[in-house]
Amino acid sequence: MLMFTFQKRERLCHRKTIQLLFTHEVSKFFVYPLKVAYTKIDLQQAFPIQVLLVVSKRYHPHAAKRNYIKRMMREAYRKNKHILIEVLQAHHSQIALMINYTEHDILSYKKIEGKIILTLQRLCELYEKNSR
RNA sequence: ACAACAGUUCAUUCUAUCGCCUCGGUUUAAAAGUACCGUGGAGGAAAGUCCGGACAACAUAGAGCACCAUACUUCCUAACGGGAAGGAUUGCGUUGGAUGACUGGCGCAAGACAGAGAGUGCCACAGAAAAUAACCGUUGCGACUCGUCGCAAUAAGGGUGAAAAUGUGAGGUAAGAGCUCACAACGCUUUAUAGUGAUAUAGGGUGGGGGUAAACCUUAUGGGUUGAAAGGCCAAAUAUACCGGAAGCAUCUGUUUACAGAUCAUAGAUGGCUCGUCUAUUUCCGGGGGGUAGGCUGAUUGAACUCGUUAGUGAUAACGUUUCCAGAUAAAUGAUAGAAUUUCCAAUUCGUUGGGAAACAGAAUCCGGCUUAUCGAACUGUUGUUUCU
RNA sequence: UGACCGAUGGUGUAACUGGCAACACGUUUGAUUUUGGUUCAAAAGAGUCCAGGUUCGAGCCCUGGUCGGUCAA
């Protein structure tokens, strides 16, 4: 099984689901400098998770910088998402996930990768607790 | 060779691994999906949104006023507030002629360069006076208390100011003054020549109270409005609850008992106003509320690109030839490792070694410009300096 | 994507038709008071977001930029 793909069905494109994630009705936590929001939802497809990566225009007004950060975040997610997928497949459930970058400086790729791994591990722990 | 200025072009490259988006093919009975293979995948500014178009919807019955934009000439262009060439003006440099005012040639640069002789407004402070000027002064006449006053003439000199009623020289005069003359500068007009034209050159006539139009304005020319969140199609979802207005039952004529025509009234459109015009009137308009908000299309073959020839001073055009060259949609074009290239800093045994840096910035319907940001590299032209022949 | 505003002492606002950038609060100093506050008196603090242009002269007029904000959906 190929783990390191990142196709369209893994990305969150549905408008209403995105608006739901920006409300206060979903679970949230904070791993500096990443703000994470997630909710359990029926995605109507085989893959267990859809993710939305956000860099605010407020923190980075230049489009080229926003693109650069999003690409680094996506790369880090792509390489490490197997941590979360194994847990979710074991429980046969689906979630929508949003990761928001809230920092005025641009961090290096290695730092961002570390933070993404930390986030995914935290999510796994939360999921194990809830399902018990 | 170096430096400065101007213009044009390019704006890191390669390999490996793991990935992303479009399209095509194969696989599967078919579609979708999956897997594999192949093609293509950010810019000179994609930016700002400052102009001009294409395209689309609505309107099309116009006129006047208002509003907005533009403003030397000719050309280019689909169009432009853009560009090309030219003209005049201003500034700078250089080199001549006068040696008084001033002025000729050459080169470079600049710009919203129509009109102040249509009208109105404004020009602080200072100054007599800021637009039909007279404080000091100059001159003449008169008076007397004999160095002052009054009347008249004048605008050379003084001072103020950003700006003071053309400048120089001579004549003239009581003193003076474009008062007169010569020359110089400027404006208007006319003739000839050159030019498509702006205008230039030469000659004649004529004029003498500023500046400001990026103050109002005048003249000429142009402008219908709204923007792809436009617009079209499919799916899904539903209720016109309530409020306001008009009316159903106004008036007249004809046939006939409901139609047709006209008038009145109301509402809407012509997005500013007025006039005018058009449409609707039994379910119609406006306000307001409710429901649904997912996909396809528009949307990538075009005023396109490459190379060449011809025409033109040039912007550009015509003809031939070649190519198909991003099409995403919470938004793809990337990450990691290694090598090369350019450049900066430090060390140096001048061979190199070590450490940095590689900008500005990311398509969102599409084109043509303008403006702004930008590490650097190459080429061309002009000017200057130095060296060699 | 489109439309429209604003920027002036530390803070909040003025400045008409271009002509010495004004006011309040705050700050500093002094007086009053045993001390603080209140009150009174005085002083400092800007060259008007940036760069050009028009004009004799620009906070004001014009052009380009920077930053901040509002509206439509």
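In what order do the four strands of the open sheet lie? In this predicted model, select the four strands and follow the open sheet across, and the order reads β1-β2-β4-β3, with mixed pairing. The edges are formed by β1, at residues 27-31, and by β3, at residues 49-55, each of which pairs on one side only. As you turn the view, note that neighbouring strands of this sheet are rotated by 20° against each other on average, with direction ignored.

Next, select residues 34-40, which make up β2, together with residues 95-101, which make up β4; these two strands run antiparallel and are joined by seven bridges. Within this pair, display Ala37 and look across to β4, where Met98 stands opposite.

Now add residues 63-80, helix α2, which lies across β3 and β4 and runs at about 150° to β3. If you place a distance between the end C-alpha atoms of α2, the separation is 26 Å, and this agrees with the 26 Å that its 18 residues should span at 1.5 Å a residue.

Keep α2 selected and show the side chains of Met72, Met73, Ala76 and Tyr77, which are the buried residues of the helix. Looking down the axis of α2, you will find that these buried residues fall within an arc of 130°, and therefore line one face of the helix. The spacing behind such a pattern is general: an α-helix has 3.6 residues a turn, so residues three or four places apart point the same way. Finally, move to the other side of α2 and select Ala63, Ala64, Asn67 and Arg71, which are exposed.

Definitions and conventions:
Residues are numbered from 1 along each chain as its sequence is written. Chains are lettered from A and ligands numbered from 1 in the order in which they are written. This is a predicted model: local features need pLDDT of at least 70, side-chain atom pairs count only at pLDDT 80 or more; totals for chains, interfaces and linings use all residues. Two strands pair if DSSP finds at least two bridges between them. Axes are lines fitted to C-alpha atoms, for helices over the stretch in contact, and angles run from 0 to 180 degrees between N-to-C directions. Two residues are in contact if their C-beta atoms, placed from the backbone, lie within 7 Å. The expected span of a helix is 1.5 Å times one less than its number of residues. A residue is buried if 20 or more other C-beta atoms lie within 10 Å of its own, exposed if 12 or fewer, and partly exposed in between; C-beta atoms are placed from the backbone. The arc is that of the directions from the helix axis to the C-beta atoms.
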